[in-house]
Amino acid sequence: MIYIRSKTYFFLTVALTLLSSYFIYDYMDYMNDREKESVRLGQESLELVQSEIASIRDEIIAEGEKVKSIVESQNLSQEETRELVENRSRDLFYLQGITVAYEPHAFDKTVELFAPYYDKRQGRVIQLEEKYDYTSDTIATNEWYLGPLDENGPQWTDPYFGIGAKLLVADYGLPFYLDGASQPSGVISLTLDLKKLGAKMDSLAVGQTGTIMVFSESGNLVAHPISEYILDLSLQTMAEELGFEEIVDVILLTKNGNLSYSRYSGKKSYVFYAEIPNVSWKTLVIFNSSDLLGGASLLHVKLVRICLGVSGVIFLLLLLLIKKNASARKKLWSISIYLSIVIVGNIVVMWYLNLNYDDERGSDSEVFIDSKTSLGSFINNENQKVVKLGLQKFIPVATGIFVEEFEFRDSYNVIIRGEIWQKWPKQLARFYDAGLRFPQEALAGRTLITKISEKESKNFITHTWSVKVMLKMPFDYSKYPFDVRDVKIEIMYPDVDSGILLVPDVDGYSDILPYSTPGINQDIYLNDSELLSTQFSFDLVNFHDRFGHQKFSGLNEFPIMKYSINLKRRLLNVLVMNIIPILVVASMIFLIFYSNTKDKDDKSGVSMMGAVQSCAGFFFVLLVAHIDLRRRLNTPSLTYIESFYLTMYVIMALLAINVVAFIKSKNEKRFLHYQDNLLVKISYWPVLLFTWMIITLLVFYT
């Protein structure tokens, strides 16, 4: 017997304590590093965006000075002025056009107003004086002209809908002076296309759901992934959508900084912002921390290491409870009990982590949508990819789903019943019919799609179908029963070559955040599962084939809309049907094995054949339960819970061999005969539980 107060015990306690302290330090250091890495990546992204905007700003300012120099130094005719705005407008990509607007009679005493504007989209010069009176202070959009005159210097305007350009724009205006005049003779205005600016900013977004916005000093949006937001929404409204409304005042009142907050979905997010020099605008970058740093698998491994280290220290401290004058038999049994308790604690912790912190849902190519902004960012990114390949942009069609009922037909087939609707654009209805298909449709299933209604509105025709379909899902049962099942319903338009992309109808739901469970009947009851969340996403699928479609030429990944129903398994059924029977059989085998003795006067023991027959009987009991489990799951892979059955088979075989060897052995000096096979008896639970713990580590954390 080892004396627990020996130097060896002291050394082990100190060593495990230091090791546990290192694991705790490593965990905290890792968390700090994750924070620092998030800040570093966010700051780099912000600096990149700032650099891009500064470059665009400098180009526009420099171009304005060039035009001003030409206008002031030359006595231009009307035709020469028109040629000037046309030629200079073509040089810069982000410019929609240039205007040279004169004060009344400043160009010619016989001409009251003269303001030629070249529109790149229309490819012609437009005379603004023929459209409206740009000198009138009663027209709000005349700020592009009146602002530089009032300031007597360069000025950037807030976004507005340009009457001449007929799109969302912002202007950089600067006054010019003819013949050394002390008062401005007019304004040169360079019109910035905000849609192009927004697309450029979105291409620089970090992570799958990263969002970049530019807003003015007053809080009005200047650039956003969804161009329609620029006039309709403010930064305050966007903050409410993305969940950072509590810190929006800090963003508006300070020039630059970074702030963290928790989104409604529970994920930690960061906001980075900075003022653009020489422009009263600010850049704002938002991203989820997990987007950049990945899931929490490594974090869980570090937590498990801490648990193992601390449990080792706890075990050594529990040994202090053993009385020094206790018999060797009692000391050995105490060690066995304490070790078993510690191992069980580790297994429970690993189960808890796997059940409550599952951050690994979705493939690497899956992009989750939790707001209209993230949807707009995704569409813009995909359009940029296809444009680079020389293809036409995707045509987004808002599609919604409401699941009324679903059930698992077997381990891999799910029957879905509900409604699906599409807001079909009227201009698209002339070329394509509304429709959908399910790529996961099971061969043995019968799909029923019945149109319920067709309602016409100003811009859309809303088609609604009643759907009943059986879908085949690639569920992974390797962690059963501690697995999380995600029922992912894929919906796409039948004709891929059309370029139609089905997207979530964000406006059709009051909220599309996952834990608000949009698009599903809340009264659905599943006896073996619990509804966690529902969410929309896109999966970038590589079909490895063109299907004869031009759309696939050079396009390796095609986006498919997904609606996911995230389910967590209820453990009660599995506990009653599998885990408890295994533990009961393990306990009964131990009792039979514990009562085995060579003492002929002890009538409480069992004979050698009795022990062997009991093991055989329990083997068939577990085998029947195991076969029933395989029949219910019908999975080709080995599940986690099956490892418990397999270890029990091995344990029963080893114990049967041990009993026979113990009874038949005549050598009293062998370890089998130490206090009636005591060493093997006290090893039963620690060895069995330690085996289960190792298997748990391998299944969950490798």
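**Close-up views of a predicted model**

**View A. The surroundings of G97.** Leaving aside residues up to four places away in sequence, G97 touches S89, Y117, Y118, S189, L190 and T191. This is a predicted model, and G97 sits in its strand β1, which covers residues 95-102. Is G97 buried or exposed? Its relative accessibility is 0%, so G97 counts as buried. One of the residues it touches is L190, which lies 93 residues away along the chain, yet the C-alpha atoms of G97 and L190 are separated by 6.2 Å.

**View B. R82 and its contacts.** Here we move to helix α2, residues 78-89, where R82 has its place. With 23% relative accessibility, R82 counts as partly exposed. Its contacts, not counting residues up to four places away in sequence, are F114, P116, V125 and Q127. Y117, one of the residues touched by G97, is also worth finding here: from R82 to Y117 the C-alpha distance is 7.6 Å, with their positions 35 residues apart in sequence.

**View C. Helix α10 and its buried residues.** Helix α10 runs over residues 297-318. Does its length fit or conflict with the expected span? At 1.5 Å a residue, its 22 residues should span 32 Å, and the end C-alpha atoms are 31 Å apart, which agrees. The buried residues in α10 are L299, H300, K302, V304, I306, C307, G309, S311, G312, V313, F315 and L316. When following such a list, remember that an α-helix has 3.6 residues a turn, so residues three or four places apart point the same way. Which helices do the buried residues of α10 pack against? They pack against α1 (7-73), α11 (328-356) and α17 (678-700).

**View D. The packing of α14 with α17.** Helix α17 appears again, now beside α14, residues 571-594. Two packed helices are described by the angle between their axes and the distance between the axes. For α14 and α17 the angle is about 160° and the axes are 10 Å apart. Angles over 145 degrees count as roughly antiparallel, and α14 and α17 are therefore roughly antiparallel to each other. Their crossing is right-handed. From α14, the residues I582, L583, A586, S587, I589, F590, F593 and Y594 take part, meeting V680, K681, Y684, W685, L688 and W692 of α17. Sorted by class, this contact has 12 nonpolar residues, one polar and one charged.

**View E. Backbone details in three loops.** Look between β17 (460-472) and β18 (484-491) for the loop that holds P481. The peptide bond joining Y480 and P481 is cis, with omega about 10°. In the loop between β1 and β2 (116-119) lies H105, which is not a glycine but has a positive phi of about 65°. H105 is partly exposed, because its relative accessible area is 42%. N634 belongs to the loop between α15 (608-633) and α16 (640-664). Its phi, near 50°, is again a positive value in a residue other than glycine. N634 is exposed, with a relative accessible area of 55%.

**View F. The whole chain, for orientation.** To place the close-ups, step back to the protein chain with its 17 helices and 21 strands. How many of the 702 residues, in percent, count as buried? The share is 50%. Among contacts in the chain with a separation of 6 or more, 66% come from residues 24 or more positions apart. The contact of G97 with L190, 93 residues apart along the chain, is one to look for.

Note on methods:
Residues are numbered from 1 along each chain as its sequence is written. This is a predicted model: local features need pLDDT of at least 70, side-chain atom pairs count only at pLDDT 80 or more; totals for chains, interfaces and linings use all residues. Side-chain values use heavy atoms; hydrogens and water are left out. Helices (H or I, at least four residues) and strands (E, at least two) are DSSP runs, numbered from the N terminus. The expected span of a helix is 1.5 Å times one less than its number of residues. Buried means under 20% relative accessible area, exposed over 50%, partly exposed in between (1.4 Å probe, protein chains only). Contact means heavy atoms within 4.5 Å. Axes are lines fitted to C-alpha atoms, for helices over the stretch in contact, and angles run from 0 to 180 degrees between N-to-C directions. Angles under 35 degrees count as roughly parallel, over 145 as roughly antiparallel, 65 to 115 as roughly perpendicular and the rest as oblique. A crossing is left-handed if the near helix is turned anticlockwise from the far one by less than a right angle, and right-handed if clockwise. Ala, Val, Leu, Ile, Met, Phe, Trp, Tyr, Cys and Pro count as nonpolar, Asp, Glu, Lys and Arg as charged, and the others, Gly among them, as polar.
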